[in-house]
Amino acid sequence: MRGALGGTVHTTESGRPERVLLTGWFSFRDGEATAGDVLALHRVQEVLRRARIPHDVVWSPGFLPDARHLDDVRPGDYSHLVFVCGPLHGPQVEELHRRFAHCVRIAVGTSVIDPEEAAVTGFHRVLARDAPGSEPSEDLAARAPAVPARPVVGVILTHGQQEYGPRRRHEQVADRVTRWLAGKDCARLELETRLDTRDWHLSATPAQLQSVLARLDLVVTDRLHGLVLALRVGTPVLAVDPVLGGAKVAAQARACDWPALLTAGQLDARRLDRWWHWCLTSGRVAARQVREAFREDRAPDGADRLVEVLSSRAGAG
């Protein structure tokens, strides 16, 4: 078989491809992997598996260092090259045409900006999702295989609190916690308790922040109010006190009778994993119980005692 633009293509006796190489912007050394691109890839893989067409995927070494990369493959091992999703333009796509000149080259689920660009004309077939003069088609990501939901985790860390002087371990705690979180299969959402009426990235009112916290599965924090505000809406918290020996975060966890607490000197993967599992199981019920206790005003707080002090002779002293 010969491709539309020339070059010998290896197929089986039935005329099916010998082996397909799946590429995209997620394959280039300096490319990036977006959620949409990867879901589009999963859709293509699902269809090829169903059709029993053998295929490999190449990834950017910056995204998956241990996976198969473009530099690792031998072009002669493939009969077809398929480029999945993204725009068709630029020298990186053109280089694919040169390196895999013997393959049948197909683009699927892509955007065509300039139909005359070499990156576009180098393909034998372009199954575009949008192109000048043609009706758009549904993006491949829309019909990608469904996957189970992952925990949604709010992360609230502070790098300040200079008042603790040499007892501060904030940088070490943030580094260890974020490296550990990077290895968890979860959706991470970085949050701030700081309010700002001018910066759209931040909440402007406590109600806005609480609305986010209430929709999370878990909060990981080394801030006192990260702990309290999450429990206030019934979301379990994995709390870390970043001060050597423990300080206000540990004290507040005790005041709230909340057990999922680690100190700066206890941070290791085993303990973090243990409380992670507890928070996502038994901790859900425990957090709701703390929320109800807050609402029922079971114990007096400083504001209650303030009224007593203001009403006493001592308050006038």
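**Reading a sheet and its aromatic rings**

Tutor: Let's start with one residue of this predicted model: W258 counts as buried, because its relative accessibility is 4%, and buried means under 20%.

Student: Which ring does W258 pair with, and how do I read the geometry?

Tutor: Look at the ring centres first, then at the angle between the planes; over 60 degrees counts as edge-to-face. The centres of W258 and W278 are 5.2 Å apart and their planes make 65°, so this pair is edge-to-face. It links distant parts of the chain: W258 belongs to the loop between α7 and β10, W278 to helix α8, and they are 20 residues apart.

Student: How many aromatic pairs are there?

Tutor: Nine. There's also an aromatic cluster made of W25, F28, F83 and F123.

Student: Can you show me a charge over a ring?

Tutor: Sure, check R274: it lies over the face of W275, 4.5 Å from the ring centre.

Student: Now the sheet. What is the strand order, and which way does the pairing run?

Tutor: Read across the open sheet and you get β7-β6-β8-β9-β10, five strands with parallel pairing. β7 (187–190) and β10 (261–263) are at the edges with a single partner strand each, so one side of each has no neighbour in the sheet. From one strand to the next, the twist averages 20°.

Student: How many bridges join β6 to β8?

Tutor: Four, between residues 152–156 and 218–221. Within that stretch, find V155: it stands opposite V220 in β8.

Student: And what does helix α8 touch?

Tutor: Helix α8 (residues 269–279) packs on the sheet, touching β6, β8, β9 and β10, and its direction makes about 150° with that of β9.

Technical notes:
Residues are numbered from 1 along each chain as its sequence is written. This is a predicted model: local features need pLDDT of at least 70, side-chain atom pairs count only at pLDDT 80 or more; totals for chains, interfaces and linings use all residues. Side-chain values use heavy atoms; hydrogens and water are left out. Two strands pair if DSSP finds at least two bridges between them. Helices (H or I, at least four residues) and strands (E, at least two) are DSSP runs, numbered from the N terminus. Axes are lines fitted to C-alpha atoms, for helices over the stretch in contact, and angles run from 0 to 180 degrees between N-to-C directions. Contact means heavy atoms within 4.5 Å. Rings of Phe, Tyr and Trp (its six-membered ring) pair if their centres lie within 6.5 Å; planes under 30 degrees apart count as stacked, over 60 as edge-to-face and the rest as tilted. Buried means under 20% relative accessible area, exposed over 50%, partly exposed in between (1.4 Å probe, protein chains only). A charge sits over a ring if NZ of Lys or CZ of Arg is within 6 Å of the ring centre and within 35 degrees of the ring normal.
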